[in-house]
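Trainee: Got a minute to go through this one with me?
Mentor: Yes, put it up and ask away.

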Amino acid sequence: MTAVTGISTELVRPSDLAEEVVALVRHWLAEGAKFPVDAAAAQLAGVLKDPHGLEFTVGFVDGVIRPEDKSVAARNLKTLVPKVPSFLPWYMKSAVAVGGHLAPVIPGVVIPVARKVLREMVGHLIVDATDAKLGRSISKIRRQGIRLNVNLLGEAILGENEASRRLEGTHKLLAREDVDYVSIKVSSTVAPHNHWAFDEAVTHIVETLSPLFRLAASSSPRKFINLDMEEYKDLDLTVAVFTRLLEKPEFHNLEAGIVLQTYLPDALGAMMGLQEWAAARTANGGAPIKVRVVKGANLPMEQVDADLHGWPLATWGTKQDSDTSYKAVINYSLTPERIGNVRIGVAGHNLFDVALAHLLG
Ligand SMILES: Cc1cc2nc3c(=O)[nH]c(=O)nc-3n(C[C@H](O)[C@H](O)[C@H](O)COP(=O)(O)OP(=O)(O)OC[C@H]3O[C@@H](n4cnc5c(N)ncnc54)[C@H](O)[C@@H]3O)c2cc1C
């Protein structure tokens, strides 16, 4: 009781915290600088600072690593030679230059070497999900006291077969003893559905995802599933699937999560809707939910979609608007009574926003 009476009930306004935010970020940066920098991470950061860095890296992954046909990969490697970032060490630059010219002649020799060299640069970001390697990687990361949210990588899928393969993959991951938290996207676990048949799509997706949620609910201790968000067109659908799933009596006590993207003007309204829904659920003895608040990673695709269809852009028009929206959602959510219904995950790389959320919390 004493601890509770010590909490001030007066709400702090974000603008009151500006100076404290800056001081906290300075403190974090000073503390962070005491840790050694991972060599591969430093290299990738350097490459991405180059004006051609992102184009080169994406071009390499899409054009050289992804194609199954080595002649296609070889032709693409050649086009990347003029864009090689100056930050790469000389031996990597020479490998790309020489490899780019030789690749079309002897693709079978050059392409595997080029893939291996460049893979080292991004290898620390991705874990191999094959059974033989996954366990070792998970236990290495967990040794550092880190809890893992495991996400089977892959973008939107096009057919039933790939959809069930992806869902089965996530099911297999969640069934492992060393995995207690997975993230999935609705768009990568069910085949594309008809957006005009909203209710039918929700019912179908809820039935498709129920076994996964059943696995989480029947595990001891319970496991956690998060529904990730990607495209704007899936926002309402994902929220409807999430709430409908958790309204099933068997999931009344299961805590689960969803993502909201604050670069969407709809984010605050969606958060208020979820808060209201979750408040009724907890008042009824149900488990709270978690919302991961992000700004949104799908901006280029939303822009292409709007352009192609001649539609207004679904997101806010400027970064400042998205930043403001992020703060508004966080500020709305972090009150003592609301966090009892909706736990907030603050996801982002922007230290000022993370510090603000930390202080508001
Ligand atoms: C742990 C974690 C989980 C994540 N999960 C998801 C997820 O499930 N779904 C998802 O979509 N993203 C996810 N993200 C990515 C996130 O949405 C952001 O893209 C990323 O974190 C960069 O935003 P920031 O606030 O960290 O950085 P900042 O540099 O402060 O912000 C960059 C962001 O601002 C926004 N922005 C930039 N320019 C404009 C513009 N012209 N108009 C409007 N908005 C603009 C974009 O959202 C851009 O990503 C996740 C990130 C983390 C760290």
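**Around the ligand**

Trainee: Which residues come nearest to the ligand?
Mentor: K295, G296, S322, H349 and N350 come nearest, out of 20 residues around the ligand. A residue counts as near if one of its heavy atoms lies within 4 Å of the molecule. This is a predicted model, where local features need pLDDT of at least 70 and side-chain atom pairs count only at pLDDT 80 or more, while totals for chains, interfaces and linings use all residues. Residues are numbered from 1 along each chain as its sequence is written, and side-chain values use heavy atoms, leaving out hydrogens and water.

Trainee: What is 2.8 Å from the side chain of N350?
Mentor: An oxygen atom of the ligand, paired with an N or O atom of that side chain. A polar backbone atom of A297 is 2.9 Å from an oxygen atom of the ligand. For M229, a backbone N or O atom lies 3.1 Å from a ligand nitrogen.

Trainee: How much of the ligand does the protein bury?
Mentor: The protein buries 71% of the 930 Å² that the ligand exposes when taken alone. Those areas come from the Shrake-Rupley method with a 1.4 Å probe, and for residues only the protein chains shown count as cover.

Trainee: Different topic. Where is I106 found?
Mentor: I106 is in the loop between helix 6 (90–102) and helix 7 (107–122). Helices are DSSP runs (H or I, at least four residues), and strands are too (E, at least two), numbered from the N terminus.

Note on methods:
A polar contact is a pair of N or O atoms within 3.5 Å; within protein, one must be able to donate a hydrogen and the other to accept it, and residues adjacent in sequence count only if both atoms are side-chain atoms.
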